[in-house]
Amino acid sequence: MKVAIIMGSNSDWPILEPAEKTLKEFGVEVEVVVASAHRTPNLVHEFAAGARERGVEVIIAAAGLAAHLGGVIAAFTTVPVIGIPIAGGPLNGVDALLSFVQMPPGIPVATMAINGAKNAAIYAVQMLSIKYPELVEKLAANRAKMEAEVIAKGEKLAAERAAK
Ligand code: RP5
């Protein structure tokens, strides 16, 4: 099972690193690429047109500013694309959010929250779980872990308040 993470610039990487970490925790192979819809359109075309042949099953595309990366990739492949608008510039990611989310009918990009790298990874794993049943159990374990963590946080707060 393989997911590609593609970003418009290496300056996006600190936001995206948690996505790679999460995917690896689920045992998913990750391909990481820097390519820009505006600055390296030929590279983006090559990446997207060959994605399915390379075994990529889901693409996570992240970019900031006037972010056309997700849409352009989706135009060149039928591999599903998850978009992450990256915060940056004077509009702080709202520009990228609108660019990702307002796709014309026929070419969808499943857009996450601004900087929503972790959810992009989990959503990719959920998509892969349709084909790879072992991921269903891992997703359930991940939910159980989160539940335990939230309960522990509540108990910690209650204990701190009681001690005052
Ligand atoms: C976008 O422009 C990139 O995705 C990045 O978020 C933003 C700024 O890129 P750099 O100028 O840091 O290379 O294409």
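The following exchange goes through several residues and the ligand surroundings of a predicted model.

Reader: Why is Thr 77 called buried?
Author: The relative accessible area of Thr 77 is 12%, and the word buried is kept for values under 20%, so the term applies to this residue. Thr 77 belongs to the loop between α3 (69-76) and β4 (81-86).

Reader: What makes the pair formed by the side chain of Thr 77 and the backbone nitrogen of Val 79 a polar contact?
Author: A polar atom of the Thr 77 side chain and the backbone nitrogen of Val 79 are 3.0 Å apart, and the cut-off for such a pair of N or O atoms is within 3.5 Å. Once the neighbours within four places in sequence are left aside, Thr 77 is also in contact with Ala 48 and Ile 59, where contact stands for heavy atoms within 4.5 Å.

Reader: Why is Leu 65 described as partly exposed?
Author: Leu 65 has a relative accessible area of 47%, and since buried requires under 20% and exposed requires over 50%, the value falls in between and Leu 65 is therefore partly exposed. This residue sits in the loop between β3 (58-64) and α3, and its phi is positive, about 60°, although Leu 65 is not a glycine.

Reader: Why does Asn 115 receive the description partly exposed?
Author: For Asn 115 the relative accessible area is 29%, which is neither under 20% nor over 50%, so partly exposed is the term that applies. Asn 115 lies in the loop between β5 (110-111) and α5 (117-128), and it too is a residue other than glycine with a positive phi, in this case near 65°.

Reader: Which residues surround the ligand, and how do they divide by character?
Author: The ligand is surrounded by Gly 8, Ser 9, Ser 11, Asp 12, Arg 39, Ala 63, Gly 64 and Leu 65, and this shell divides into two nonpolar, four polar and two charged residues. Glycine is counted as polar in this scheme.

Reader: How do you know that Ser 9, Asp 12 and Arg 39 have side chains in polar contact with the ligand?
Author: A polar side-chain atom of Ser 9 is 2.7 Å from an oxygen atom of the ligand, the corresponding distance for Asp 12 is 2.6 Å, and an N or O atom in the side chain of Arg 39 is 2.9 Å from a ligand oxygen atom. Each of these values is within 3.5 Å, so each pair counts as a polar contact. Of the 360 Å² of accessible area that the ligand has on its own, the protein covers 70%.

Note on methods
Residues numbered from 1 in each chain as written. Predicted model: local features only at pLDDT ≥ 70, side-chain atom pairs only at ≥ 80, totals over all residues. Heavy atoms only, no water. Helix = DSSP H or I, 4+ residues; strand = E, 2+ residues; numbered from the N terminus. Buried < 20%, exposed > 50% of the residue type's maximum accessible area, 1.4 Å probe, protein only. Polar contact = N/O pair within 3.5 Å; in protein donor to acceptor, adjacent residues only side chain to side chain. Near = heavy atom within 4 Å. Areas by Shrake-Rupley, 256 points an atom, 1.4 Å probe, with all protein chains shown as cover.
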